[in-house]
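Reader: Hi! Could you walk me through this protein? I'm new to reading structures.
Author: Happy to, let's look at it together.

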Amino acid sequence: MEYTYNHGVITVSHLQNYNIDQIFDCGQCFRFAKREDGGWTGIAYRRQLTLRQPDSSTLQISGIDETAFMDTFVRFLCLEDDYTAIRHNIRDHFGQDTIMETAMAYGEGIRLLKQEPWEALCSFIISQNNNIPRIKKLIETLCRQCGEPIGPGLFAFPTPGELLAAGETMLRALGAGYRTAYLLRTAESVLNGSLDLAAVRALSTKEAIEALTKLHGVGPKVAACALLFGFDKLDCFPIDVWIKKVLHEYYHDALDLTRLGPYAGIAQQYLFYYITKSQKQLPASKERAAM
């Protein structure tokens, strides 16, 4: 990674496989919005930042200083991850699979952001039976009403204590609905120590899924999403209605999910992005039966 810092703008150059439109519009995070000038502005790790991409190999970041960039946002934005090697690894595990090749080509600029575990877990609890505009609206409302101010009109994601302090009546009034109980019980688990987020990160993926699915209202799909986007478990393969469609219609339910390798979750994002954004059908896979 090469970068410069001038007049409050960090410029990262010589990027490959990096597209902020695909990264922030593939359903992995909910606090970023596209600007009229084509950039994206949002809040992560209690900082607001704006990203612009003047060309495919250059990223400009404003709103953070060089220290925050190096300490937090290089990792958050996956700027040092070798996606060329990752894509080769996915090919090795999928074989000569035209479905995956088509999906990877369509979403070649996707990278998985490394989000805060608590925020990722709550965000995907909120995502249950919900659509992205409503998820974004509810999360922003929760932040404004329950989170700590971090600047004029800016609010951090609520801590477990702040959610509990808000209480059931407020969360329901804000629109959390039946998810209110899930959020409050999860916050209680963090505060009483029965859920140690740092310990979950250190577990194997299987153990981490078992730990999260013990939470009230957290099933396998929510657990897999939280682990994939917030706990560095890149082998998680969340299955929602869209991925079920891919597995059924294009793989005839014959894809062996246990053999997809350490980047199965990134492969899932390619498939998810293609099936939700492209107007074209995926091609048939010559290797479908072997998978």
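**Starting with F76**

Author: Let's begin at F76, which sits in helix 2, residues 66-76. Keep in mind that this is a predicted model.

Reader: Cool. Is F76 buried or exposed?
Author: F76 is buried, because its relative accessible area is 3% and buried means under 20%.

Reader: Which residues does F76 touch, leaving out those up to four places away in sequence?
Author: With those set aside, F76 touches F32, A44, Y45, L113, K114 and Q115.

Reader: And where is N130 relative to F76?
Author: N130 is 54 residues from F76 along the chain, and their C-alpha atoms are separated by 25 Å.

Reader: Okay, new topic: what about C78? Where does that one lie?
Author: C78 lies in the loop between helix 2 and helix 3, the latter being residues 83-94. C78 is buried too, with a relative accessible area of 0%.

Reader: What is its phi?
Author: The phi of C78 is near 55°, a positive value in a residue that is not glycine. For background, most residues other than glycine have a negative phi.

Reader: Which other residue has a positive phi although it is not a glycine?
Author: D232 is one, with a phi of about 65°. You'll find D232 in the loop between helix 11 (220-230) and helix 12 (241-249). D232 counts as partly exposed because its relative accessibility is 31%, and partly exposed covers values between 20% and 50%.

Reader: Let's switch to strands. How do strand 1 and strand 2 run?
Author: They run antiparallel, and 5 bridges join strand 1 (residues 2-6) to strand 2 (residues 9-13). Together they form a hairpin with 2 residues between them. In that turn, H7 has a positive phi of about 50°.

Reader: Which residue does Y3 stand opposite?
Author: Y3 stands opposite V12 in strand 2.

Reader: Nice. Now zoom out: how many helices and strands are there?
Author: The protein chain has 13 helices and 8 strands.

Reader: What does the radius of gyration say about the chain?
Author: It agrees with a compact globule, because one with 291 residues would have a radius near 19 Å and this chain has 19 Å. The C-alpha trace spans about 55 × 50 × 35 Å along its principal axes.

Reader: How many of the residues count as buried?
Author: Of the 291 residues, 49% count as buried.

Reader: Last one: how many positive and negative side chains are there?
Author: There are 30 positive and 33 negative side chains, and the centres of the two sets lie 6 Å apart.

Key
Residues are numbered from 1 along each chain as its sequence is written. This is a predicted model: local features need pLDDT of at least 70, side-chain atom pairs count only at pLDDT 80 or more; totals for chains, interfaces and linings use all residues. Side-chain values use heavy atoms; hydrogens and water are left out. Helices (H or I, at least four residues) and strands (E, at least two) are DSSP runs, numbered from the N terminus. The radius of gyration is taken over C-alpha atoms; the globule rule is 2.2 Å times the number of residues to the power 0.38. Buried means under 20% relative accessible area, exposed over 50%, partly exposed in between (1.4 Å probe, protein chains only). Lys and Arg count as positive and Asp and Glu as negative; His and the chain ends are not counted. The place of a charge is taken as NZ of Lys, CZ of Arg, CG of Asp or CD of Glu. Contact means heavy atoms within 4.5 Å. Two strands pair if DSSP finds at least two bridges between them.
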